[in-house]
Amino acid sequence: MNIRAIIQKIKKSFHQEEELPNEAVLGFLQVLEHVQEEGCSCDEVFHKIDEYVEREVDQKDAEDLMPLIREHLDLCPDCCEEYEALLDILEKTSKDKK
Ligand SMILES: [Zn+2]
């Protein structure tokens, strides 16, 4: 099932229930569409998160280098948690070296 089909399904089910205000639904759909457009999935982020965090600690330019990862981290609490845990570990490790 592709994302458009999922959105159609969500739209339909919300329409039937009519519990959520339209604005909330639209906002939610926009986030979904946005994530899809950027093409950065949790899988991709998990594969690149080590690199991102290392870059963040060493050069402080991870955000410029991988803006899509940064954007995903802002949107996705799961990946953000992973990122913060890794950042914590790396910062401690790099302090030990010095
Ligand atoms: Zn994610």
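Visitor: Where is R70 found, and what makes R70 count as buried?

Guide: In this predicted model, R70 belongs to helix α5, which covers residues 67–75. Its relative accessible area is 18%, and the word buried is kept for values under 20%, so R70 falls on the buried side of that cut-off.

Visitor: How do you know that the side chains of R70 and D74 are joined by a polar contact?

Guide: The side chains of R70 and D74 come to 2.8 Å, and a pair of N or O atoms has to lie within 3.5 Å for the term to apply; the value therefore satisfies the distance part of the rule. Leaving out residues up to four places away in sequence, R70 also touches Y52, E63 and Y83.

Visitor: Two of those residues are tyrosines, so how many aromatic pairs does the count give?

Guide: The count comes to one aromatic pair. This pair is formed by Y52 and Y83, with 5.7 Å from centre to centre and 70° between the planes. The pair links distant parts of the chain, since Y52 sits in helix α3 (residues 42–58) and Y83 in helix α6 (residues 77–97), with the two positions 31 residues apart in sequence.

Visitor: Why is the pair of Y52 and Y83 called edge-to-face?

Guide: Ring centres have to lie within 6.5 Å to pair, and planes over 60 degrees apart count as edge-to-face. With centres at 5.7 Å and planes at 70°, Y52 and Y83 meet both conditions, and the name edge-to-face therefore applies.

Visitor: What makes Y52 and Y83 buried?

Guide: Y52 has 0% relative accessibility and Y83 has a relative accessible area of 7%; with the limit set at under 20%, the two rings therefore belong to buried residues.

Visitor: Which atoms are the protein donors of the zinc ion?

Guide: The donors are SG of C42, NE2 of H72, SG of C76 and SG of C79, and they lie 2.0 to 2.3 Å from the zinc ion. Donors must be within 2.8 Å of a metal such as this one, so the stated distances place these atoms inside the cut-off. Along the chain, the donors follow the spacing C-x29-H-x3-C-x2-C.

Visitor: Why is the arrangement around the zinc ion called tetrahedral?

Guide: The four donor atoms subtend angles of 104 to 114° at the zinc ion, and four donors count as tetrahedral if all angles lie between 85 and 135 degrees. The whole range fits between those limits, and the arrangement is therefore tetrahedral. For comparison, the ideal angle for four tetrahedral donors is 109.5 degrees.

Visitor: How do you know that H72, C76 and C79 are buried?

Guide: H72 stands at 7% relative accessibility, C76 has a relative accessible area of 11%, and C79 has 1%. Each of these values is under 20%, so the three donors count as buried. H72 is found in helix α5, and, leaving aside its neighbours within four places in sequence, H72 is in contact with C40, S41, C42, V45 and C79.

Visitor: What makes I69 buried, and which residues does I69 touch?

Guide: I69, which lies in helix α5, has a relative accessible area of 3%, and because buried means under 20%, the term applies. Not counting residues up to four places away in sequence, I69 touches C40, V45, K48 and Y52. I69 and V45 are 24 residues apart in sequence, while their C-alpha atoms are 6.1 Å apart in space.

Visitor: Why are H47 and K60 called exposed?

Guide: Exposed means over 50% relative accessible area; H47 reaches 69% and K60 reaches 60%, so the two residues pass that limit. H47 is found in helix α3, and its side chain reaches the backbone oxygen of D43 at 3.0 Å. K60 has its place in the loop between α3 and α4 (62–65), and its phi is near 60°, a positive value in a residue other than glycine.

Visitor: How many helices and strands does the protein chain have, and what percentage of its residues count as buried?

Guide: There are six helices and zero strands, and of the 98 residues of the protein chain, 21% count as buried.

Technical notes
Residues numbered from 1 in each chain as written. Predicted model: local features only at pLDDT ≥ 70, side-chain atom pairs only at ≥ 80, totals over all residues. Heavy atoms only, no water. Donors = N, O, S within 2.8 Å, 3.2 Å for Na, K, Ca; no water. Tetrahedral: all angles 85-135°; square planar, octahedral: opposite > 155°, others 65-115°. Buried < 20%, exposed > 50% of the residue type's maximum accessible area, 1.4 Å probe, protein only. Helix = DSSP H or I, 4+ residues; strand = E, 2+ residues; numbered from the N terminus. Polar contact = N/O pair within 3.5 Å; in protein donor to acceptor, adjacent residues only side chain to side chain. Contact = heavy atoms within 4.5 Å. Phe/Tyr/Trp six-rings, centres within 6.5 Å; stacked < 30°, edge-to-face > 60°.
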